[in-house]
Amino acid sequence: MATSTPTTATSPWSIVKTIRQSPPVDLEAPYDTASLAGKTILITGGASGFGAAFARKWASHGSHIIIGDVNDQAGEAIVAELRSLPNSSQHHHYQHCDVTNWSDQVALFKLAAKASPTGGIDAVVAGAGIVDHAAPDSGRAFDHPGDLTADAPPAPPLNVLAVNLTGVMYTSHLALFWLDRNGTTAEGKLRDRHLLLVSSIAGMIPLPGQTEYAASKHAVVGLFRTLRGTVWQRGIRCNVVCPYFVHTPLMPTVGVALLAGSGMAQLEDVVDAATRLMADEGIVGRGLVIGPKFRVVDGEDGEMRLELRGEEMGNGREKAVWEAYAHDYEQVEVFVYRFVQMLNALKAVRGWVATVKDLYSIYVRGRRVEKGVKTT
Ligand SMILES: NC(=O)c1ccc[n+]([C@@H]2O[C@H](COP(=O)([O-])OP(=O)(O)OC[C@H]3O[C@@H](n4cnc5c(N)ncnc54)[C@H](O)[C@@H]3O)[C@@H](O)[C@H]2O)c1
């Protein structure tokens with residue numbers, strides 16, 4: 001750390017304003033879903049679980065949904081379902097896309113831009129993911145390389161890393177390209193440019209037995225924490241959700257059994273958190289953790305107590321969503337500080353150069369008109 005001053009947004013080493021990070025999210029305030037109407041949203045892994053639930057929710061508010069997945073049957077079925085919604089958009093599409101395959105992803109982004117009524121992509125969700133049980137030779141093989149009498153173990157397959165990290169990096173890279181090309185609204189305002197990453201509680205805590213999965217989800221958190229330090233330059237907002245265990249096809253039966261009697265997170269809360277991030281275009285660079293529903297009870301001593309839903313509860317409010325990694329940019333070390341300030345200065349210079357160029361070309365045109373030279 002560059003200083004030992006307390007971590008506050010007013011620290012001299014704070015770059016919260018520079019990276020345009022928005023203030024803490026008021027998770028108890030209602031949010032308006034109106035901005036979802038007309039948005040083109042590309043979702044990888046949208047054939048099942050979270051992705052499918054996001055698609056249903058956002059399509060019901062008028063978004064155009066483009067799904068890429070390897071589960072063609074489920075993907076086609078979701079799109080058929082979305083198209084059958086009352087007043088449905090005619091711009092929902094499914095396309096086979098293995099996120100580990102760059103060409104598949106390029107084709108998916110091209111389809112989204114082509115299908116979009118505005119020609120642009122407003123938001124991207126990097127949702128496709130697998131756990132080790134989906135690739136039986138993967139995670140356990142990593143922790144247990146096998147026959148100790150062998151000369152050397154075979155290379156671990158790293159399938160989970162391929163989907164959850166390489167796939168997400170491909171999606172994010174393409175998102176930065178296509179979101180940056182998104183156009184303006186009828187009022188001349190920049191259309192939304194939103195990259196929503198899907199990490200996990202396994203991106204924040206160790207998850208023994210799921211080595212590759214936990215490593216990949218920590219990497220997605222690292223991607224989020226780092227990307228938000230640069231993408232503000234092009235008006236792109238990057239947010240992340242980190243859900244606790246939720247009962248979807250991804251959850252191994254043994255995982256559900258191990259959690260019996262304790263709280264799991266609920267799909268509806270994950271959808272709610274993601275919808276808030278998707279709909280509220282003022283939320284920039286924030287991370288939300290979605291856990292089991294707790295009841296928050298404010299004690300008379302000012303202390304906050306949490307009681308798990310279903311327990312004997314006092315008065316209080318229910319809460320499943322919390323902020324995470326909120327303070328990264330409130331007090332940074334000197335390299336990050338100077339690098340981001342330099343980006344800001346370059347952006348300002350580029351803005352001035354563009355203004356001067358515009359003024360010069362207006363002047364030249366004016367002179368030509370005065371002299372009666374035909375302008376194109
Ligand atoms: N369910 C949970 O408890 C939980 C918790 C935290 C985070 N997550 C994360 O949420 C995301 C969605 O998981 P889910 O619970 O909805 O699981 P899910 O299995 O229901 O959905 C994952 C989707 O990704 C697709 N997919 C898998 N490999 C793919 C590939 N190579 N290319 C394209 N698509 C591929 C699957 O076909 C599936 O439709 C994942 O990134 C997961 O790691 C899940």
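Which of the 29 residues around the ligand come nearest? They are S48, F50, D69, Y213 and T248. The legends below describe close-up views of a predicted model.

**View 1. The ligand and its shell.** The shell around the ligand holds 29 residues, with S48, F50, D69, Y213 and T248 coming nearest. By class, 17 of the shell residues are nonpolar, nine are polar and three are charged. Two elements, α1 (49-60) and α6 (211-227), give two or more residues each to this shell.

**View 2. Polar atoms facing the ligand.** D98 brings a polar side-chain atom to 2.9 Å from a nitrogen atom of the ligand. G127 takes part through its backbone: a polar atom there is 3.0 Å from an oxygen atom of the ligand. G49 also uses a polar backbone atom, 3.2 Å from a ligand oxygen. On its own, the ligand has 820 Å² of accessible area, and the protein covers 93% of that.

**View 3. The largest pocket.** The ligand sits here. The space in this pocket comes to about 1,100 Å³. Its lining counts 47 residues, and G129, I130, V131, L250 and M251 lie nearest the centre. Of the lining residues, 28 are nonpolar, 15 polar and four charged.

**View 4. Elements around the largest pocket.** At least two lining residues come from each of α1, β2 (64-69), α6 and α7 (253-258). The helix α1 gives the most, with four residues. Both α1 and α6 also appear among the elements of the ligand shell.

**View 5. The second largest pocket.** This pocket holds about 200 Å³ of space. Its lining includes the run K189, L190, R191, D192 and R193. R20, W232, G235, I236, R237, E281 and V284 also line the pocket. Seven of the lining residues are charged, four are nonpolar and one is polar.

**View 6. The largest cavity.** How many cavities of 30 Å³ or more does the count give? The count comes to one. The largest cavity encloses about 40 Å³ of space. I19, Q21, R228, V231, W232, I236, C238, V284 and G285 form its lining. Six of these residues are nonpolar, two are polar and one is charged. W232, I236 and V284 belong to this cavity lining, and they also line the second largest pocket.

Definitions and conventions. Residues numbered from 1 in each chain as written. Predicted model: local features only at pLDDT ≥ 70, side-chain atom pairs only at ≥ 80, totals over all residues. Heavy atoms only, no water. Near = heavy atom within 4 Å. Polar contact = N/O pair within 3.5 Å; in protein donor to acceptor, adjacent residues only side chain to side chain. Areas by Shrake-Rupley, 256 points an atom, 1.4 Å probe, with all protein chains shown as cover. 1 Å grid on protein atoms, 1.4 Å probe; cavity = no way out; pocket = protein on both sides within 12 Å on 5 of 7 lines; lining within 4 Å. Sits in = over half its atoms within 2 Å of the grid points. Nonpolar A, V, L, I, M, F, W, Y, C, P; charged D, E, K, R; others polar. Points joined across faces, edges and corners; volume = space filled by probe spheres on them.
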